[in-house]
Amino acid sequence: MEKDASFLFGGITFNRKKFATDFDRFKGHKTSDNSLEKLELVENEKSEMEDATNTCVGKKRKRKEKGTVPDSVDGFSVFKNSKLKKEAASEENDQSANELLEGKKEYHRQLERDALFRKLHGIHVSGSNVPSPLHSFAELRSRYKCRLYLLRNLAELGFKEPTPIQRQAIPVLLSGRECFACAPTGSGKTFAFVFPILVKLKDTSNDGVRAVILSPTKELAAQTTRECRKLAKGKKFYIRLMTKKLAKSGDFSKLRCDILISTPLRLQFAIRKGKLDLSRVEFLVLDESDKLFEPGLLEQVDFVVNACTNPSILRSLFSATLPDIVEDRARTIMHDAVRVIIGRKNSASETIKQKLVFVGSEEGKLLALRQSFAESLNPPVLVFVQNKERAKELYDELKLEDFRADVIHSDLSQTQRENAVDNFRAGKTWVLIATDVVSRGMDFKGVNCVLNYDFPDAAAAYIHRIGRTGRAGRRGEAITFYTEADIPFLRNIANVITSSGGEVPEWIMSMTKKKWKKHRPQRETISTQPDI
Ligand SMILES: Nc1ncnc2c1ncn2[C@@H]1O[C@H](COP(=O)(O)OP(=O)(O)OP(=O)(O)O)[C@@H](O)[C@H]1O
C-alpha cells in the first residue's frame, strides 16, 4: 500500500440513521436491536419503578410501624382505590417485564439462529449489530420492501436462492452499513452490491449521479453495466458505462445518470474536465478492491473517492482476495463497516480441480500444451501468459492450428478486445490466449479449463485467473505449468490449492514459503521456429 492511501476515504463519517431500515424489520418482532435498546430502557425504568415502589413500601412500613398509616377503612374509597390502582399497576408492570424478558430471550435466540445459519453457509462476519442473513430472496420484500420488479428479474435470471455473499452483504448494505467483503470467484458478488443500490435508489431522479461502481478494467466495467441493466430491467434507471467518448465530451450536467460504472482513470478524467459532479453520490463500490488499491490505480481511486463528498455516502469494497494490508487500511477509515468473509479468506473456489504440471523449461511448455490439447481439449479454454508480447507470440504459434484460438491483450483496440470477448462467449473461439487484463471479474460462462501457461506473478493473481472457471457452482479445471525458475514460488500456489481442498505433493508443502514479491522472470521467446 502506498503512503498516499492514508487520505483515501478521509473525512467521511458513518451516519447512524442508516440503521433505521434494518431496525424497521424488527418492528413488532421481538428480536430487533432497536427493541433491545427499548427493552433495556424500559427495564431501567422498571427497576427505577421497583426502587421507587420499594422505597414507598419501606416508608409505608415505617409509617405503619409508627402506626401513622391507617388500614383501609370501609367507606373511605380514596384509600381503597389507590390500593387497587397500585395492584393493577404492579400487575401491568409484571406483565410488561415478562414480555420484555421474553423479548430479550428471543433476541438472543435469533442471534444463535443467525450464527448457525451463517456457519451452514460459510459466512463469517465481524462488526457490531450485523443484520441477519437472508434465508430467501422473498425476505427482501418483507424485510426491505424491495420492489416486485427486482424479484421478478431475479426469477427470470433463474436465481432460486441467494449465494452466501448475497445472503449477508445485501442486508448489510440495505441496513445502511458500509461493508468490506471477500468471497470466492464466481460467487455472485456483482449482484450483492448492485441489488442494494437498485433497492435504495428506488426511482430515477434528476439529482445527478447517485451511485458509482469502480472496476479495474474496461471489460469488467462493461460487464458490470450489463449485469446492472439486467437486474434493473423494466424500471427506468439511467445506468451508464463511462466510455472514452463520454469521459472526453459528455456533459453530465445535461445527461441523466443514476448509476455510473467506470474505470478509475476515465472517471478521474471526466471529473477533471469539470463536467461531472459526484457530490450527491450515495453509493460507492470498489469492485476488485485490492486491485484498485495497487500502485498505479490507487491515486486515481483516491481522486474519485475524494470527489464523492456526500457525508452520508455508503462505501463498500468487494473482492475475491483481500490482503491484510487492504483490510487494515479499510478498518482505519470505515469505522462501523461490517466485514463479511465467505469461506476461507483468499482461497480459490472449491469447485475447481487444480493441477500443477512440471514442464522443465520454457521450451517444454509448447510441447506440453500441444500434448494436453491433443489428449483432451475441452473448450472453452482460457490460456494465461505473463504479458502482451508473450500473448502475441503464443497466438502466432497457435493461430494456424485447428483449435480456433484467439488472443486478447491491452495493445488491441477496444473493438478488437470486445470482439475477442464476444467470440469466446459465443463459442466461436475455443482457446482464448489472454494476459491478466481478463483475469479479474470476467464472467465467461462455462469456461471448462484455465491453463496458466506462464506461472502467475502472485497468489492473488492465481486465484483470480483460475476463477474464470468453476463459476456459480459449476465444475472447472485449472492447470498450471511450472519451470525450474518457478519452483521457489510453488509453495504459495500450493497453499491456495490445499486451502480449497486440493492435494499437492509433500515436497512442495515442505518448502519454505517465499515472501512473495511479484514473480515476473524474463522468459524465453515462445517459438518453434528455428533461430536464424
Ligand atoms: N443467486 C444466484 N444464483 C445463481 N447464479 C447466480 C446468483 N447470483 C449470481 N449468479 C451468477 O453467478 C455468476 C458469477 O457471478 P459474479 O460475476 O457476480 O461473480 P463474482 O463473485 O463477482 O466473481 P469474481 O470474483 O470473479 O468477480 C454469474 O454468471 C451470475 O449471473
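Guide: Before we start, contact here means heavy atoms within 4.5 Å. Keep in mind that we're looking at a predicted model.

Visitor: Okay, which elements do the buried residues of α10 pack against?

Guide: Helix α10 covers residues 264-272, and its buried residues are P264, R266, L267, Q268, A270 and I271. Follow their packing and you reach two strands and four helices by name. Those partners are β3 (211-214), β5 (259-262), α8 (218-231), α9, α11 (289-292) and α12 (298-307).

Visitor: And which residue takes a positive phi just after α10?

Guide: Helix α10 ends at residue 272. Just past that helix there's a positive phi of about 85°, and the residue that takes it is G274.

Visitor: Which residues form the positive surface patch?

Guide: One of its members, K248, sits in helix α9, residues 244-249. Helix α9 is also on the list of partners for the buried residues of α10. The full patch is K244, K248, K273 and K275.

Visitor: Now the negative patch: is E87 there buried, partly exposed or exposed?

Guide: E87 belongs to helix α3, residues 77-120, and gathers with E91, E92 and D94 in that surface patch. Its relative accessible area is 41%. Buried needs under 20% and exposed needs over 50%, so E87 counts as partly exposed.

Visitor: Zooming out, what percentage of the residues is buried?

Guide: The protein has 532 residues, with 19 helices and 14 strands. Its accessible surface comes to about 26,400 Å², and carbon and sulfur atoms hold 52% of that. As for the buried share of residues, that's 49%.

Notes:
Residues numbered from 1 in each chain as written. Predicted model: local features only at pLDDT ≥ 70, side-chain atom pairs only at ≥ 80, totals over all residues. Heavy atoms only, no water. Patch = residues over 30% accessible without salt bridge, like charges linked within 9 Å, V, L, I, M, F, W, Y side chains within 5 Å. Areas by Shrake-Rupley, 256 points an atom, 1.4 Å probe, with all protein chains shown as cover. Salt bridge = Lys/Arg side-chain N within 4 Å of Asp/Glu carboxyl O. Lys, Arg positive; Asp, Glu negative; His and termini not counted. Charge placed at Lys NZ, Arg CZ, Asp CG, Glu CD. Buried < 20%, exposed > 50% of the residue type's maximum accessible area, 1.4 Å probe, protein only.
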